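Subject: Structure handover

Hi there,

Here is the structure I promised to pass on to you. Please open it alongside this message, and then read on for what turned up in it.

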Amino acid sequence: MKKDNNSNVDLASVKSPEDIRKMDINQLKELADAMREPLIEKVSHHGGHVGPNLGMVEAIIALHYVFNTPKDKIVFDVSHQTYPHKMLTGRMEAFTDPLKYDTVTGYTQPRESEYDLFSLGHTSSAVALASGLAKARDLIGGNENVVAVIGDGSLSGGVAFEGLDYGATLGSNFIVVVNDNDMSIAENHGGIYADLRLLRNTNGTAENNLFRAMGYAYRYVHYGNDIPSLIKAFEEVKDIKYPVVVHINTMKGMGLPVAEANKEKFHWSMPFDPTTGNLLGEEAPSQEPADYISLFASHMMKRIKENPHLAVITAGTPGAIGFGPDMRREAGSQFIDVGIAEQQAIAMASGLAKGGVDPVVGVVSTFLQRAYDQFSQDIALNHQPATFVVMYGSLFGMNDETHLGFFDLGLLSNIPDLEVLTPSGKDEFISMLLWAETQKQTPVVVRIPGGEIKNVEGVELLENYYNPPYQTLRDGKDVTLIGVGAFLDTMVKAADILDSKGVKATVINPRSVSTLDSTAIDKMKEEKVVVTAEDGIIDGGYGQKVASALGTSDAKVINLGLPKEFLNRYNASELVKECGLTPDQIAEVVIANL
């Protein structure tokens, strides 16, 4: 490990916060500069959260300098800004040594360190979690400080308001640090942000003050990247006996010009050139959509122009559904960003549908979990014909244990009166999406297939996907193979292998995982073996519905899918093999059971 060329601080000597508490102010400033160099080096070569971490270097140094961590408790909201925190808490080599880049996760992780209190990757829960820690301290009789660190973007989430509402009643030490950089992942959306802007513009003196109105004392730090100012503010509230908000104004992406200039693009990034900002290995853009997300966005832009009553909705993740700044401007008022508030997005879609609009909500699989009640009550129970397109719902998507995309099928397919469609490829996806948007029969979920964009030969497109019949792509006599979504292509390849061994397989595209085709199921009762494969967990999934329906028959049903586990940072290709989901493995299972 090396010293930063422009600093006298040896990063290798920083083993814990105790080491920085021995430094003077100038050394702490040098430490911040020294930390930014390996941070930029790592994220530019390895990928990761860029802007959130670079913007919080000084604040995290000041927090650990003032507060006696780990006795004093710090809960980071989302925790995508905690690379500097990890550097200061015994994990420096994971940022200075490329061979050890993967020895830590991208979020706080209690298995890594006693300084990490929760495994967090979703938003808005830090204040609620910290309120529990504070209440536990008060009940047990402790005296530690409890600090919640939450970004302005996370304040739009409902649980943030719930946490703030309760936290104000504690009547004891409870410190909320609001990191305000005037950004969520993209720009902020919501009424509270005008008040935050006014507080920034008036150096915290504006009469309109959400935090004071809720019952908090209030401190403002205009230069949230200035270590002396931060230390002063944190020392003023340390050991305080009542709830207080410390509002700090920081710069997202500070220290990396391309990230400062393009805060949305560099919230998170694949490996990139830190000088130009170009992704490493980035090719010239193709005229054709390169993935399902781009396909969705280009199709929806076309439909926005054709249908003035259509609205595309996102909950603070416009980039994740393919809508960059230019597209958002082009879509105008027909593109709605409600901020990081999935419950609002789903419930609002119900209201839009009731009011005569055709709402299409793009939602990332791992985030839709936060709005389960709205799917059940506001959408399905009220039978509103809104459309929901699930992004990254796949084992081929994100792989952090906080961002898994393979729980959605089990969650959504068991809600009554909610049609959950699983297209197998490009053309079927667009066909289902177009039907869902234009029909008025039922609420519809269309789950984007995992993996590379493709078509499966022989898939028939329908005009109506309400309780759709199964399609038989091949009709064999020995075994039935049912492939859900992306795994239809896998079943076709398994059938080819079986055919070469003299085994004739029926291959079925179920189209929907929320309903069963009773005619097709009755025919399967005559089979010896039925195999299902799905891009989701087996427990509560589609395969188990088939197994239950065939339970009184002589057919042996084999369900293939994923385990009900919080898998972490897995290799997708290896996981497919571990779960027996390759064409060769499926063929072997069939032969072994015939």
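Below are my notes on a pocket, the aromatic pairs and some local backbone features.

One thing to keep in mind from the start: this is a predicted model.

**The second largest pocket**

You may want to begin with the second largest pocket, whose volume is about 450 Å³. Its lining is made up of 25 residues, and those closest to the centre are His-122, Thr-123, Ser-125, Gln-369 and Arg-370. What is the character of the lining of this pocket, counted as nonpolar, polar and charged residues? The count gives 15 polar residues, 7 nonpolar and 3 charged. Two helices, H8 (158-167) and H15 (342-354), each supply at least two residues of the lining. The largest share comes from H15, with 3 residues.

**Aromatic pairs**

Next come the rings. The structure holds 12 aromatic pairs. One of them joins Phe-406 and Tyr-570 in a tilted arrangement, with 6.3 Å from centre to centre and 50 degrees between the planes. Why does this pair tie together parts that are far apart in sequence? Phe-406 sits in the loop between strand E11 (387-391) and helix H18 (408-412), while Tyr-570 sits in the loop between strand E18 (556-562) and helix H23 (572-578), so the pair bridges parts that are 164 residues apart in sequence. Both Phe-406 and Tyr-570 are buried.

Phe-407 and Phe-566 form another pair, this one edge-to-face, at 5.9 Å centre to centre and with 75 degrees between the planes. This pair also links distant parts of the chain: Phe-407 belongs to the loop between E11 and H18, and Phe-566 to the loop between E18 and H23, 159 residues apart. Are these two rings buried or exposed? Phe-407 has a relative accessibility of 15%, so it counts as buried, the cut-off being under 20%. Phe-566, in contrast, has a relative accessible area of 62% and is therefore exposed, as the cut-off there is over 50%. Taken together, Phe-406, Phe-407, Phe-566 and Tyr-570 are linked by ring pairs into a cluster.

A ring elsewhere has a charge for company: Lys-42 lies over the face of Phe-95, at 4.2 Å from the ring centre.

**The loop between E2 and H5**

Two residues in this loop caught my eye. Gln-81 is in the loop between strand E2 (73-76) and helix H5 (83-88), and with a relative accessibility of 5% it counts as buried. A polar atom of the Gln-81 side chain lies 3.2 Å from the backbone oxygen of Asp-77. Ser-79 is also found in the loop between E2 and H5. Its phi is near 75 degrees, a positive value in a residue other than glycine, and at 0% relative accessibility Ser-79 counts as buried.

**Other backbone features**

What kind of peptide bond joins Thr-69 and Pro-70? The bond is cis, with omega at about 5 degrees. Pro-70 lies in the loop between helix H4 (57-66) and E2.

His-383 is another residue other than glycine with a positive phi, near 55 degrees. You will find His-383 in the loop between helix H17 (372-381) and E11. At a relative accessible area of 32%, His-383 is partly exposed.

**Two more loop residues**

Tyr-216 is placed in the loop between helix H10 (210-214) and strand E5 (217-221). With a relative accessible area of 3%, Tyr-216 is buried. Its C-alpha atom is separated by 9.1 Å from that of Thr-169, and the two residues are 47 apart along the chain.

Gly-393 is in the loop between E11 and H18 and is buried, with a relative accessible area of 1%. From C-alpha to C-alpha, Gly-393 and Lys-29 are 43 Å apart in space, and they are 364 residues apart in sequence.

That is the tour; happy browsing!

Best wishes

Definitions and conventions
Residues are numbered from 1 along each chain as its sequence is written. This is a predicted model: local features need pLDDT of at least 70, side-chain atom pairs count only at pLDDT 80 or more; totals for chains, interfaces and linings use all residues. Side-chain values use heavy atoms; hydrogens and water are left out. On a 1 Å grid over the protein atoms alone, a cavity is a set of points where a 1.4 Å probe fits but cannot get out, and a pocket is an open set with protein on both sides within 12 Å along at least five of seven lines; lining residues have an atom within 4 Å of a point. Grid points are joined across faces, edges and corners, and a volume is the space filled by probe spheres set on the points. Helices (H or I, at least four residues) and strands (E, at least two) are DSSP runs, numbered from the N terminus. Ala, Val, Leu, Ile, Met, Phe, Trp, Tyr, Cys and Pro count as nonpolar, Asp, Glu, Lys and Arg as charged, and the others, Gly among them, as polar. Rings of Phe, Tyr and Trp (its six-membered ring) pair if their centres lie within 6.5 Å; planes under 30 degrees apart count as stacked, over 60 as edge-to-face and the rest as tilted. Buried means under 20% relative accessible area, exposed over 50%, partly exposed in between (1.4 Å probe, protein chains only). A charge sits over a ring if NZ of Lys or CZ of Arg is within 6 Å of the ring centre and within 35 degrees of the ring normal. A polar contact is a pair of N or O atoms within 3.5 Å; within protein, one must be able to donate a hydrogen and the other to accept it, and residues adjacent in sequence count only if both atoms are side-chain atoms.
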